[in-house]
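Please consider the sequence and the three-dimensional structure shown below. The paragraphs after them give a guided reading.

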Amino acid sequence: MKSAQLTGSSVEYPIGKILCIGRNYVDHIRELGNEIPSAPVIFTKPSSSVIGDGGRIEIPSYSTDCHHEAELAVLIGTQGKDIPQEEALAHVAGYGVAIDLTLRDVQSELKKKGLPWDIAKGFDTACPLSAFTPADRVPDPQALQIRLAVNGETRQDGATNLMINPVDAIISHCSTIFTLEPGDVILTGTPAGVSAIRSGDRIVAEIPGVATLQVSVA
Ligand code: MG
């Protein structure tokens, strides 16, 4: 079982479900040629896809186009169902950074056929995840910067105030569909700049003041 760690605390949360929001930044929607959704796009990754800081990404043999998507990750600390937006942030235990790895070629093919994307998003190592900074040390999750560099070159640099659906709205909406439980993680979407990674690459994802995550590609 994988667990999430809160920095500066001995508390560990066994990771439950990982809910991911797609198409939450207009500039990323445009770079993929998608339409702005009328409601949040939600998909999931299994907890078995998580690797931690210092981990190694294994790109599956059935893909030749694995993309990085750096995202603000939200760790749920208390259970809730139908959570009002104004109470949503009180359910957050901490904030971290994640990379939503996506086999773009596989995903595109499956989307064309109207089939589920799971094998493009949920394979082993598809969810590099940092430790989490306790929520009381992150006064405003919409005032953060998300950066990702590959081999020292910046590929993504976006501000969380550009989210279409802010964190409190995401939590509230997700909780109308899924009971949120301690240890659940929500990935809140990626800003522009996604690109392919290759064997030997070194990747650093960072939310300054919140979390840093370094991983490599096998
Ligand atoms: Mg994503």
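The following explanation turns to a sheet, a helix and a metal site. The model is predicted.

We begin with the sheet. Six strands form an open sheet with mixed pairing, and their order is β4-β3-β15-β8-β9-β12. At its edges stand β4 and β12 (residues 133-134), each of which pairs on one side only. Within the sheet, β8 and β15 are joined in the antiparallel sense over three bridges. A residue pair illustrates this region: V74 stands opposite I186, which belongs to β15.

We turn next to helix α4, which comprises residues 167-177. Which of its residues are buried? They are V167, A169, I170, I171, S172, C174 and S175. The cover over these buried residues includes several strands, namely β3 (18-22), β4 (41-45), β8 (70-76), β9 (92-99) and β15 (185-187). The strands β4, β3, β15, β8 and β9 also appear in the order of the open sheet.

The last subject is the metal site. Which residues coordinate the magnesium ion? The donors come from E69 (OE), E71 (OE) and D100 (OD), at 2.0 to 2.1 Å. Along the sequence, these donor residues follow the spacing E-x1-E-x28-D. Because E71 lies in strand β8 while D100 lies in the loop between β9 and β10 (102-103), the pair ties together parts that are 29 residues apart in sequence. Are E71 and D100 buried or exposed? Both E71 and D100 are buried.

Technical notes:
Residues numbered from 1 in each chain as written. Predicted model: local features only at pLDDT ≥ 70, side-chain atom pairs only at ≥ 80, totals over all residues. Heavy atoms only, no water. Buried < 20%, exposed > 50% of the residue type's maximum accessible area, 1.4 Å probe, protein only. Helix = DSSP H or I, 4+ residues; strand = E, 2+ residues; numbered from the N terminus. Contact = heavy atoms within 4.5 Å. Pairing = 2+ DSSP bridges. Donors = N, O, S within 2.8 Å, 3.2 Å for Na, K, Ca; no water.
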